[in-house]
Amino acid sequence: MIAAEDINAFYGPSHILFDLSFSMAATERVAVVGRNGAGKSTLLKSLMNAGPRVEGKVSWQGRSLGRSAAYKRARLGLQMVPEDRRIYHHLTVRENVRIAGHARPSSAPRLDPDAVLAQFPMLEPLRDRMGFQLSGGQQQILAIARAVAAHPTVMLLDEPTEGVAPAIVEDMVGTIRDMCDSTGMGLLLCEQNLWFARKLTDRIVVMDTGRIAFDGTWQEFAARPEIKETHLAL
Ligand SMILES: Nc1ncnc2c1ncn2[C@@H]1O[C@H](COP(=O)(O)OP(=O)(O)OP(=O)(O)O)[C@@H](O)[C@H]1O
Ligand SMILES: [Mg+2]
């Protein structure tokens, strides 16, 4: 279980998350949706301690994470794929995946990069290409493959569909679902694309201006059209 209790997050003097509480089981698949600037990425970064200053308690598997650094949280099984992807442009696809394996928990076996790439049909034929030679969608899949190589218990995935063509977005649904099914990993997915989020998760958290406006199943969300109207419509 990952849990944030009454957290407040800040960038310098800007107060972004307000007394926010959130928790999910390590095997759950949860979407975080909300307008631009609602605080979705800040929530993910706050759980990882990767950017904002966070006040309040974040715990993982029943233990407080205190002020531990993001790389230490990765070693405990939390892997974030940030919005900006952060692949190595001057390494091949295979090298990118191999190096990412170093961030895995010490108890986890080392995964063969080729075995990781085999889970990503779109990437496999490109294994010897350099990062900079990939399209935006391919880079996004590589960022996900890199996270998988680090053996996460929960993956925090930030807007994987951003800037990706619709046909590739459809492929990504199958790829990410297969990845979660085969590894049993939990998924915390920030998304603007509700269709995509609905396909991959069982629960939806709606954020608005640094607070959680709704948290429930997709059925409960569908039964409350005013939530979408108030917090998601432009
Ligand atoms: N590094 C930063 N420094 C200062 N303010 C920031 C920083 N990153 C984000 N913010 C501000 O924090 C607020 C929340 O941003 P955040 O990135 O969490 O939103 P988001 O819901 O992920 O939006 P988007 O859908 O556009 O990705 C915004 O007002 C944004 O301008
Ligand atoms: Mg964001």
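How many of the nine residues of H1 are buried? I began my notes on this predicted model with that one. I get eight of the nine, so H1 is largely enclosed by the rest of the structure.

**Entry: helix H1**

I listed the buried residues of H1: Lys-40, Ser-41, Thr-42, Leu-43, Leu-44, Ser-46, Leu-47 and Met-48. Then I looked at what H1 lies across, and found E3, E6, strand E7 (154-158), strand E8 (186-190) and E9. H1 runs at about 145 degrees to E7. I also checked the residue that comes just after H1: Asn-49 has a positive phi of about 55 degrees. For context, most residues other than glycine have a negative phi.

**Entry: the magnesium ion**

Which protein atoms are donors of the magnesium ion (ligand 2)? I find Ser-41 (OG) and Glu-83 (OE), at 2.0 to 2.5 Å from the ion. The two come from distant parts of the chain, 42 residues apart: Ser-41 sits in helix H1 (residues 40-48), and Glu-83 in the loop between strand E6 (78-81) and helix H3 (93-100). I looked up the exposure of both. Ser-41 is buried at a relative accessible area of 14%, whereas Glu-83 is partly exposed at 34%.

**Entry: the four-strand sheet**

I traced an open sheet of four strands with antiparallel pairing, in the order E2-E1-E4-E5. Strand E2 (14-24) and strand E5 (63-64) are at its edges; each has a single partner strand, so one side of each lacks a neighbour in the sheet. H1 packs on this sheet, where it touches strand E1 (2-11), E2 and E4, and its direction makes about 110 degrees with that of E1.

Next I went through the pairings. E1 and E4 are antiparallel, with seven bridges. Within E4, Lys-57 is the residue that Glu-5 stands opposite. Strand E4 (residues 53-60) also pairs with E5, again in the antiparallel sense, over two bridges. On the E5 side, Ser-64 is the bridge partner of Ser-59, and Arg-63 stands opposite Trp-60.

The hairpin of E4 and E5 has two residues between the strands, and I stopped there at Gln-61. Its phi is positive, about 50 degrees, although Gln-61 is not a glycine. Buried, partly exposed or exposed: which is Gln-61? It is partly exposed, with a relative accessible area of 45%.

**Entry: His-15**

I picked His-15 in strand E2. His-15 is partly exposed, with a relative accessible area of 32%. Setting aside neighbours within four places in sequence, I find His-15 in contact with Asn-8, Ala-9 and Phe-10. I also took a long distance across the model: the C-alpha atoms of His-15 and Met-185 are 32 Å apart, with the two positions 170 residues apart along the chain.

**Entry: the six-strand sheet**

What is the strand order in the open sheet of six strands? I read E6-E7-E8-E3-E9-E10, with mixed pairing. E6 and E10 are the edge strands; each has a single partner strand, so one side of each is left without a neighbour in the sheet. From one strand to the next, the twist averages 15 degrees.

I checked one pairing here. Strand E3 (residues 29-33) and E9 run in the parallel sense, over four bridges. Ile-204 in E9 is the bridge partner of Ala-31. I then followed the chain into the loop between strand E9 (203-208) and strand E10 (211-217), where Thr-209 lies. Thr-209 is another residue other than glycine with a positive phi, near 40 degrees.

**Entry: H5 and H6**

Are helix H5 and helix H6 roughly parallel or antiparallel? The axes of H5 (residues 136-149) and H6 (residues 166-183) cross at roughly 0 degrees and come within 12 Å. Angles under 35 degrees count as roughly parallel, and H5 and H6 are therefore roughly parallel to each other.

I noted who makes the contact. H5 contributes Gln-140, Ile-141, Ile-144 and Val-148, and H6 contributes Met-172, Ile-176 and Met-179. By class, I get six nonpolar residues, one polar and no charged ones in the contact of H5 with H6.

How values were computed. Residues numbered from 1 in each chain as written. Chains lettered and ligands numbered in written order. Predicted model: local features only at pLDDT ≥ 70, side-chain atom pairs only at ≥ 80, totals over all residues. Heavy atoms only, no water. Donors = N, O, S within 2.8 Å, 3.2 Å for Na, K, Ca; no water. Buried < 20%, exposed > 50% of the residue type's maximum accessible area, 1.4 Å probe, protein only. Pairing = 2+ DSSP bridges. Contact = heavy atoms within 4.5 Å. Axes fitted to C-alpha atoms, helices over the stretch in contact; angles between N-to-C directions. Parallel < 35°, antiparallel > 145°, perpendicular 65-115°, else oblique. Nonpolar A, V, L, I, M, F, W, Y, C, P; charged D, E, K, R; others polar.
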